Structures are given as C-alpha cells and as structure tokens.
Amino acid sequence: LIASAMMLAPASVMAADLTIGFSQIGSESGWRAAETTVTKQEAEKRGIDLKFADAQQKQENQIKAIRSFIAQDVDAILLAPVVATGWDEVLEEAKDAEIPVLLLDRTVDASEDLYLTAVTSDLVHEGEVAGKWLVEEMAGKPCNVVELQGTTGSSPAIDRKKGFEQGIAGHDNLKIIRSQTGDFTRSQGKVVMESFLKAEGGANICALYAHNDDMAVGAIQAIKEAGLKPGQDIKIVSIDSVPDIHLAMAAGEANATIELTPNMAGPALDALEAYLSSGTTPPKWIQTESRLYTLKDDNQAVYEAKKGLGY
Ligand code: AHR
C-alpha cells in the first residue's frame, strides 16, 4: 500500500502507480455531472486507475463504497459527501487502514485528522455574494425573496443559506418569505417554485435565490408557465455558473450567478501526489475561487466557452 509507504517519505510515487476510489454523490445537477467528467479526465491524464462509485444521492451507498475501496486497498479515496454529518466511523476505518481521504466540493462535520484535505469553495461567501448582489440590485426598494435550498443537511445548503442571510442582514427592504429544499435538481426547482407562486401569487415575489443554477433553470420554467417574465418580474440569482444559466442570462431570464469550478479533482490530486511523493502535508482547506457573473458580462460568450469544459 503506497499510503503506508508515505510514512517513510519515498523518493517518488508516480501518479501512474496509483489506484484511487472516488465516491461521487450522484448526478443531481449539471455541475455535478461536469465534476464527474473532469475528475475522470484528471485521473486519466495522470495515468491513475480511478474506481468510480455513484451513490445515487444516498449516504449509505457512499459508506458502502468507501468500505469497498478500503477492502480493495486503494491508495487514496476522493469523497464528495452528500451530507455533512455521519462520517466519523467510516473515516476512522479509512484512517486505520492508512488510506488518505480527500474531500471534494463539500465539507463534513468530523475531526480534521480524519481527512487529508478538503477542496471546496467558500460556501458561506458564495451565499453572501448572492445576498449582497441583491441588496445592490434593489437599491433600497422593498423585495420579497423566495429561496430554493440545496439538499437538506448538505454543507452547501447550510452554508449558502447562512451566507445569503448575512449578505442581506441590515437591509430590511429584503425579506425571505419562503424557503424550501429543491434538492439541487432542476425538476424539484420547478415543482417548488410552482408551489411558491401558487401560495404567494407572482406579484408578491420580487426575487428568487437558488442554491444552484439547475434549480433556478427549473424555476425559470415555472415562472414562464405562470405568465411572468423571469429576470424581470422576478430577479434570479443562483450559484454554479453552468452553461445553461448563462444562456438564460443572455436571454435576460436570469440575473446573476456565482461560479463554482467543477475541477476540484485537479488541486486534490496535485496535493495527494505531493503528499505521497515527498510527504508534503497540504493545508486542510484548499479553497477554489468564487466569481460573480451578472448581465454586464457577455453571457453568450461565457456559455460558448463553458460548453466544452466537462458540461
Ligand atoms: O456541492 C456543490 C453543489 O452540489 C453544487 O453547487 C450543486 O449544483 C451540486 O449539486
């Protein structure tokens, strides 16, 4: 096992020698599908044998996959954790087996010594950027906001909610009147937005904050079917920067998005290789960038540029 050899700091461990298990959440969003594609590409580029397990949104499947990777004596495990809690036991098992675990895109509520590093964005900051964008956009005008949350119990749903609330704090013209999970999916985004529109009436909703773009895209459909103009009658801000939201922005049907790179695996594998070859311990958090796109950007061009990047 290469992971146990790392204690002796071997002169070099070639990526091509590595077998790595990847426990992916599923394929709930366009962003998630792109992360899977990019992770496979990054592994292939480095000659890594990547064992891929799709958990179909279930933590129990992820735990099973991790145990199976441990039984196969892999060199490392990449884990995109569906929810934040409930990982201690299985992460202890990986630690006992001396298999480093690297978290991708979401964090866990577990002791830091149970994983090597976490490659994520600042999830609270993303929500805060969305909130601050809306504060500026409304410039003091009253605005009732509806919120589509991500998967219940997941770190992005928890942190993006908190960040948005921080972003609008002190601006009493902005009120979150409804907030419900849409599970990060396009279909649930549509269903829940329909229920918001039915309960409130379109005229009472001024803005939508969606924890990801896919839910926003589903909501755009619901808004149109209700005879309203998304992006105008209801302002829309969301997170991910997937090609489809840029297409919607180019058409004036969405207003802002905050970019999340689907390439979490690149920095994770760089850190792993350095760790295994020279014993370099990575920081516990490798932070990816969060960039705000608005209607001031050339969204058609962004759409064209992004289409090939794993989406
Ligand atoms: O953890 C990242 C989030 O998970 C993305 O923003 C969302 O699209 C995905 O499902």
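Q: How do helices H9 and H11 pack, roughly parallel or roughly antiparallel?
A: In this predicted model, let's start with helix H9 (residues 243-250) and helix H11 (residues 299-307), whose axes lie 8 Å apart. The angle between them is about 160 degrees. Angles over 145 degrees count as roughly antiparallel, so H9 and H11 are roughly antiparallel.

Q: Is the crossing of H9 and H11 left-handed or right-handed?
A: The two helices pack with their axes 8 Å apart. As for the sense in which H9 and H11 cross, the answer is left-handed.

Q: What kind of unit does H9 make with strands S9 and S10, and of which hand?
A: The two strands of this unit, S9 and S10 (residues 256-259), pair in the parallel sense over 4 bridges. Together with H9, they make a β-α-β unit that is right-handed.

Q: Which residue in S10 is the bridge partner of Val237?
A: Look at the parallel pair of S9 and S10, which is joined over 4 bridges. Within S10, the partner of Val237 is Ala256.

Q: Which residue in S12 does Ala256 stand opposite?
A: S10 is also joined to strand S12 (residues 292-294), by 3 bridges, and this pair runs antiparallel. In S12, the residue opposite Ala256 is Thr294.

Q: Which strands are the edges of the open sheet that has mixed pairing?
A: This sheet has 6 strands in the order S7-S6-S8-S9-S10-S12. Both kinds of pairing can be found here: S9 and S10 are parallel, while S10 and S12 run antiparallel. The strands that pair on one side only are S7 (174-181) and S12.

Q: Which residue in S7 stands opposite Leu148?
A: Strand S6 (residues 143-149) and S7 pair in the parallel sense, with 7 bridges between them. Across from Leu148, in S7, you will find Gln180.

Q: What is the order of the strands in the open sheet whose pairing is parallel?
A: This sheet has 6 strands, and its edges are S2 (49-54) and S11 (285-287). From one strand to the next, the twist averages 20 degrees. Reading across the sheet, the order is S2-S1-S3-S4-S5-S11.

Q: Which residue in S2 is the bridge partner of Ile20?
A: Strand S1 (residues 19-24) pairs with S2 in the parallel sense, over 6 bridges. S2 is an edge strand, pairing on one side only. Its residue that partners Ile20 is Leu50.

Q: How are helices H7 and H8 set against each other, oblique or roughly parallel?
A: Helix H7 (residues 186-200) and helix H8 (residues 213-225) pack with their axes 7 Å apart, at an angle of about 45 degrees. Angles under 35 degrees count as roughly parallel and 65 to 115 as roughly perpendicular. The angle here falls in neither class, so H7 and H8 are oblique.

Q: Is the crossing of H7 and H8 left-handed or right-handed?
A: These helices pack at about 45 degrees. The sense of the H7 and H8 crossing is right-handed.

Q: Which elements give two or more residues to the shell around the ligand?
A: The ligand is surrounded by 13 residues, and the closest are Ser29, Trp31, Asp105, Phe184 and Asn212. The elements that give two or more are helix H2 (30-45) and strand S9 (235-240).

Q: How many residues of the shell around the ligand are charged?
A: The shell has 13 residues. Of these, 5 are nonpolar and 2 are polar. The number of charged residues is 6.

Methods:
Residues numbered from 1 in each chain as written. Predicted model: local features only at pLDDT ≥ 70, side-chain atom pairs only at ≥ 80, totals over all residues. Near = placed C-beta within 6 Å. Nonpolar A, V, L, I, M, F, W, Y, C, P; charged D, E, K, R; others polar. Pairing = 2+ DSSP bridges. Right-handed = clockwise from strand over helix to strand, strands pointing away. Axes fitted to C-alpha atoms, helices over the stretch in contact; angles between N-to-C directions. Left-handed = near helix turned anticlockwise from the far one by under 90°.
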